[in-house]
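Visitor: I've got a structure to go through and I'd like the reasoning behind the labels, not just the labels. Can you walk me through it?

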Amino acid sequence: MKELVGRVRCLPRKEKGHKAATVKGISTFNAEQEAQALRKAMKGLGTDEDAIIETLTKLNASQRQQVLITYKSTIGRDLIDDLKSELSGNFEKVIIGLMTPTAMYDVHELRRALKGAGTDEGCLIEILASRTNAEIQRINENYKLQYGSTLEDDIVSDTSSMFRRVLVSLATGNRDEGTFVDEALAQQDAQCLYAAGEKKWGTDEVQFMSILCTRNRCHLLRVFDVYRAIANKDITESIKSEMSGDLEDALLAVVKCLRNKPAYFAERLYKSMKGLGTDDSTLIRVMVSRSEIDMLYIRREFLATYGKSLHSFIKGDCSGDYRKVLLRLCGGED
């Protein structure tokens, strides 16, 4: 029965079902019509921001890409250039984010995180800990095409020590994505983690990395159960007491994403808005990148964890067209 525990809890991830998407696209799609609507919204004096929001948030990523091509072929202008010249600030960032192909959006964010002013470790951790193997493969291919250097090279030149090694490991997109739980190995892994941290003076961080970054999700959920029984505390508590700084953040993100990805993103959103000031780049990235995957689940976790809806948080934290477009991506009040 003990062995069953790990298997029962591990249901396959419903990532791309679109059931949890707030942006689904439209069935009666006419690219030329949408291109003309966007042109009309930007032509002449003033800009009809509402029309731009309405058009781009009802279309899904692939429909927006078709509009991008059709805009150029039927109007003879570049849609991205037009949008950039008409819009500004955070609102522009959301709209341009929506107009960027999914993998390319992650590529741009990673590049900004590595080569912008100072390193945005939070962004690196969030993307590399939460994307699937296939998504990371696409990121790697596009990154190299776009910038001429590999993502790994840029991570190595911009980060250091054990944190660098965790990011390099995650950036290989090589996690076992099976569902098999090897009970004997789960016991062994849990013992290894205990021996590498709680049990000894100093921490063997390589052990943590190699187990947390390569084993499959179902197996690790079982490992965490066994670990709790051995160490008398949750694996996250051990990571917090044994590690610090970026390394701690990275390994915690890995564990959180394995356990409950929508809850991880709900926490990212909450932290981006709570307190004074808003971490707009995180808020924008999560809203843009999850709206077609699991935003409904994220909303559910947000409400359950923080007692307020994501919708009400965005409403209280942002304003103007920026607020309007984020609320459309959020998709409703809970």
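Guide: Sure. Contact here means heavy atoms within 4.5 Å. With residues up to four places away in sequence left out, Thr55 touches Glu34, Ala37 and Leu38. Keep in mind that this is a predicted model.

Visitor: Where is Thr55, and what makes it buried or exposed?

Guide: Thr55 belongs to helix α3, residues 49-58. Buried means under 20% relative accessible area. Thr55 has 5%, so it counts as buried.

Visitor: What does the side chain of Thr55 reach, and what makes that a polar contact?

Guide: The side chain of Thr55 reaches the backbone oxygen of Ala51 at 2.9 Å. A polar contact needs N or O atoms within 3.5 Å, with one able to donate a hydrogen and the other to accept it, so the 2.9 Å to Ala51 falls inside the limit.

Visitor: On to α14. How do you know that its length agrees with the count of residues?

Guide: Helix α14 runs over residues 217-231, which is 15 residues. At 1.5 Å a residue it should span 21 Å, and its end C-alpha atoms are 20 Å apart, so the two agree.

Visitor: What makes α14 mostly covered?

Guide: 11 of the 15 residues in α14 are buried. Among them are Cys218, Leu221, Phe224 and Tyr227.

Visitor: Which residue caps the N-terminal end of α14, and how do you know?

Guide: Asn216 does, with a side-chain oxygen 2.9 Å from the backbone nitrogen of Cys218.

Visitor: And what is unusual about phi just after α14?

Guide: Asn232 takes a positive phi of about 65 degrees there. Most residues other than glycine have a negative phi. Asn232 is in the loop between α14 and α15 (235-242). At 71% relative accessibility, Asn232 is over the 50% cut-off and therefore counts as exposed.

Visitor: Which phi does Ser161 have, and is Ser161 buried or exposed?

Guide: Ser161 has a positive phi of about 50 degrees although it is not a glycine. Its place is in helix α11, residues 161-171. With a relative accessible area of 54%, over 50%, Ser161 is exposed.

Visitor: Now the rings. How many aromatic pairs are there?

Guide: The count comes to seven aromatic pairs. One of them is Phe302 with Phe313, at 5.2 Å centre to centre and 75 degrees between the planes.

Visitor: Why is the pair of Phe302 and Phe313 called edge-to-face?

Guide: Ring centres have to lie within 6.5 Å to pair, and planes over 60 degrees apart count as edge-to-face. With 5.2 Å and 75 degrees, Phe302 and Phe313 pass on both, so the label follows. Phe302 sits in helix α18 (residues 295-306) and Phe313 in helix α19 (residues 310-317), 11 residues apart.

Visitor: Why are both of those rings called buried?

Guide: Phe302 has a relative accessible area of 0%, and Phe313 has 14%. Both values are under 20%, so both residues are buried. Ring pairs also link Tyr270, Phe302, Tyr306 and Phe313 into a cluster.

Visitor: What makes Arg111 count as sitting over the ring of Tyr147?

Guide: The charged end of Arg111 is 4.3 Å from the centre of that Tyr147 ring, and the distance cut-off is 6 Å.

Visitor: Last one: which domains does the chain have?

Guide: The domain assignment gives domain 1 (24-87), domain 2 (104-172), domain 3 (180-259) and domain 4 (261-330). The centres of domain 1 and domain 3, taken over C-alpha atoms, are 47 Å apart.

Methods
Residues numbered from 1 in each chain as written. Predicted model: local features only at pLDDT ≥ 70, side-chain atom pairs only at ≥ 80, totals over all residues. Heavy atoms only, no water. Helix = DSSP H or I, 4+ residues; strand = E, 2+ residues; numbered from the N terminus. Expected span 1.5 Å × (residues − 1). Buried < 20%, exposed > 50% of the residue type's maximum accessible area, 1.4 Å probe, protein only. Phe/Tyr/Trp six-rings, centres within 6.5 Å; stacked < 30°, edge-to-face > 60°. Lys NZ or Arg CZ within 6 Å of the ring centre and 35° of its normal. Domains from an automatic or database assignment.
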